[in-house]
Amino acid sequence: ELSELLRIESVSSDGAHLVELREAAQWIAGLIGGAGITEEQGNPVVDGLIEASRPGAPTVIAYGHYDVQAPGPLELWTSPPFEPEVRDGHVYGRGACDDKGNFYALLRAALDLAEAGELGVNVRVLADGEEEVGGHSVIHHLAGVEGDFAAAVIFDGLMVNARQPAF
């Protein structure tokens, strides 16, 4: 699944990939199932819910972005940037670690826990296609979202070491 997402050339910085940005948003919405997509403030914002396995569970927001930086000079890549490749146990491709891979891991874990009847929180998924260009579409969207949220989870950051994420 992750390779499918990584193949989408959802570059936000050049204005030439609007179709691909929409495709990436639709891919995430489809993975979640029943998620909505809005384009009121710019590039598409995905808003969906992965329901907890028990009633009355708190809701957390899981934020991620599906846009990526332009790949730059292709001759600097060992393999094509939008053709993911596994080498030495690591996935290589544009967006594999910023932020498609990180976000996918969070979504897949929540979906698998929900399917197993073990998801302890509702996961409100928000994804945008403007993080790499400093856009604010998700902020504008979030301002209109009603409800209480116990926490926000953002997997778009560095690792201090192999087992300790930075915040």
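Is E51 buried or exposed? In this predicted model, E51 has a relative accessibility of 56%, and since exposed means over 50%, E51 counts as exposed. Its place is in the loop between β2 and β3 (59-65). Being exposed does not leave E51 without partners from further along the chain: with neighbours within four places in sequence set aside, E51 is in contact with A114, L119, V121 and N122. The C-alpha atoms of E51 and G120 are 9.0 Å from each other, with their positions 69 residues apart along the chain.

The loop between β2 and β3 also holds R54. Here the relative accessible area is 44%, so R54 is partly exposed. Leaving out residues up to four places away in sequence, R54 touches L119 and G120. L119 thus turns up again, having been listed for E51 as well. For a sense of distance across the model, take R54 and G89: they are 35 residues apart along the chain, and their C-alpha atoms are separated by 36 Å.

Next come the helices α2 and α3. Helix α2 covers residues 18-32 and helix α3 covers residues 100-115. The two pack at an angle of about 20°, and their axes lie 10 Å apart. Angles under 35 degrees count as roughly parallel, so α2 and α3 are roughly parallel to each other. The crossing of α2 past α3 is right-handed. On the α2 side, the residues involved are W27, I28, L31 and I32; on the α3 side, they meet F103, Y104, L107, R108 and L111. Sorted by type, the residues of this contact come out as eight nonpolar, no polar and one charged. There is a simple reason for the spacing seen in lists like these: an α-helix has 3.6 residues a turn, so residues three or four places apart point the same way.

Taken by itself, α2 is 15 residues long and spans 22 Å from its first C-alpha to its last, close to the 21 Å expected at 1.5 Å a residue. Its buried residues are L21, A24, A25, W27, I28, A29, L31 and I32. Besides α3, these pack against α1 (2-6), β1 (36-38), β2 (45-50) and β6 (122-128). Right behind the helix comes G33, with a positive phi near 85°.

As for α3, it has 16 residues and reaches 22 Å between its first and last C-alpha, close to the expected 22 Å. Buried in α3 are K100, G101, N102, F103, Y104, L106, L107, R108, A110 and L111. The cover over these buried residues includes α1, α2, β2, β3, β6 and β7 (151-154). Just after α3 there is again a glycine, G117, and its phi is positive at about 75°.

Some backbone geometry is worth a look too. Most residues other than glycine have a negative phi, and most peptide bonds are trans. Against that background, the peptide bond from D98 to D99 is cis, with omega near 10°. D99 sits in the loop between β5 (90-92) and α3. Another case is D88, a residue other than glycine whose phi is positive, near 55°. D88 belongs to the loop between β4 (85-87) and β5, and with 76% relative accessibility D88 counts as exposed.

Two further residues round out the picture. E39 is found in the loop between β1 and β2, and at a relative accessible area of 37% E39 is partly exposed. Not counting residues up to four places away in sequence, E39 touches R22 and P44. Measuring C-alpha to C-alpha in the model, E39 and I139 are 13 Å apart in space, although 100 residues apart in sequence. L142, in turn, is part of helix α4 (residues 137-143). With a relative accessible area of 35%, L142 is partly exposed. L142 touches I61 and L126, again not counting residues up to four places away in sequence. Between L142 and R87, which are 55 residues apart along the chain, the C-alpha separation is 38 Å.

Key: Residues are numbered from 1 along each chain as its sequence is written. This is a predicted model: local features need pLDDT of at least 70, side-chain atom pairs count only at pLDDT 80 or more; totals for chains, interfaces and linings use all residues. Side-chain values use heavy atoms; hydrogens and water are left out. Axes are lines fitted to C-alpha atoms, for helices over the stretch in contact, and angles run from 0 to 180 degrees between N-to-C directions. Helices (H or I, at least four residues) and strands (E, at least two) are DSSP runs, numbered from the N terminus. Angles under 35 degrees count as roughly parallel, over 145 as roughly antiparallel, 65 to 115 as roughly perpendicular and the rest as oblique. A crossing is left-handed if the near helix is turned anticlockwise from the far one by less than a right angle, and right-handed if clockwise. Contact means heavy atoms within 4.5 Å. Ala, Val, Leu, Ile, Met, Phe, Trp, Tyr, Cys and Pro count as nonpolar, Asp, Glu, Lys and Arg as charged, and the others, Gly among them, as polar. The expected span of a helix is 1.5 Å times one less than its number of residues. Buried means under 20% relative accessible area, exposed over 50%, partly exposed in between (1.4 Å probe, protein chains only).
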